[in-house]
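Work through the exercises below with the structure in view. Try each task before you read its solution.

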Amino acid sequence: MASKELTPNKKLLIIAAIFLAVFFTPFTHPRVAGAIQEAFLMLADYAHEHVLLCVVPAMFIAGAIVVFLNQQAVMKYLGPKANKLVAYSVASVSGAILAVCSCTVLPLFKGIYKKGAGLGPAVSFLYSGPAINILAIVLSYKVFGWKLGATRMALSILIAFLIGLIMQALFRKEDEKRLADERLFKNMAGPEARSLGQMVLFMVSMIGILVFLNWAPSSGASSGWDFIFRAKYWITGAFALLLIYAIVKWFTKDELVEWGGATRDFSLQILPLLFGGVLVAGFLLGRPGHEALIPSSWVASLVGGNSLFANFFAALSGAFMYFATLTEIPIVQGLLGAGMGQGPALALLLAGPSLSLPSMLVIGGELGFKKTATYVALVVAFSTAAGFLFGMVA
């Protein structure tokens, strides 16, 4: 999606806004100074823990989707005219095999969206990728009990399905126009260069690297899961050897250059927005267990009980916070200990992992303000309603 050139007046307004913000911000105030430090510490944590192991592999997968994947096949199974039950079911449960956060899923979302997937299935995938993480569901069951764990899993799939259907219905004409334009472009690499089995092996090897490289321990919840964690680098190495074999055997130099170019383009589009969003999120809310500009006690005091406002605030604050994979579990556990209700806990678990301020910026760059605002509103609304209803029966 090409960005529009800013007019001179808009550029001047942006410069004036930055000047006023710098002029009036009390940088010497301890809380403001601490928030600035938290912003850069959170960015450093993000760079150390997520960029090389999560985001970079996801960029290469997204680039491969755009360059090598058969566009007609994507449109057949995930396009707006595909069988809705198949398209939305696949998109809504895809997170079960992808242990990714709200930022890592973005390159994959952009890849399938640019390749011809309908807005609805692409958005269902965008929500489900971080939400339906098998280990997150297992840990939810272990830490919060079977009722909250099972409800989180079932509602994550249902919400992904419903949000996709609603987004496709609301923006159907715009999406059909987008796909009509994209059909004019042909995949230069050509799907005929490789068989279906070769492409499956190629994509599985990259997904395997992404999944097992980021495999997290279960802290005793599952011995089998922890065994895989101890062996994750050996498993990742096996997938890496498989990927090297596929690249050497089935791809030409020109195709690899094109793949690298597509990966580079994704990086230039996504990384600046991600880093900026992480800085802002760190400045406002800080890292888990650390104070920033907004005191964590304020958040805890507003999510007690099971009022509609408490559920809405939990969903909204979760949507703007950045949760690395599985970090929502200890955060919600701490909030429950501080008096958070069961309903708001579910609302935060449904909204938090799938959205964050950094991811909103990237989604907005791809979908535009109207579609992004609608998507965020649907996630918050469904999470609020689910939390409120769950709190009434829990």
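**Exercise 1. Find the handedness with which α18 passes α19, then describe the packing.**

Solution. α18 passes α19 in a right-handed crossing (the near helix is turned clockwise from the far one by less than a right angle). This is a predicted model, where local features need pLDDT of at least 70, side-chain atom pairs count only at pLDDT 80 or more, and totals for chains, interfaces and linings use all residues. Residues are numbered from 1 along each chain as its sequence is written, and side-chain values use heavy atoms, without hydrogens and water.

Next, take the helices (DSSP runs of H or I, at least four residues, numbered from the N terminus). α18 covers residues 357-367 and α19 residues 369-393. Their axes (lines fitted to C-alpha atoms over the stretch in contact, with angles from 0 to 180 degrees between N-to-C directions) come within 7 Å and cross at roughly 135°. Therefore α18 is oblique to α19 (not under 35, over 145 or 65 to 115 degrees).

Now list the contact (heavy atoms within 4.5 Å). α18 gives Met360, Ile363, Gly364 and Leu367. α19 gives Phe369, Lys371, Thr372, Tyr375 and Val376.

**Exercise 2. Which residues does Tyr375 touch, leaving out those up to four places away in sequence?**

Solution. Start with Val123, Leu126 and Tyr127. Add Ile163 and Met167. Finish with Ser354, Leu355 and Ile363.

**Exercise 3. At what angle do α5 and α13 pack?**

Solution. Helix α5 (residues 105-114) and helix α13 (residues 253-285) pack at about 140°. Their axes lie 11 Å apart. The two are therefore oblique to each other. Their crossing is right-handed.
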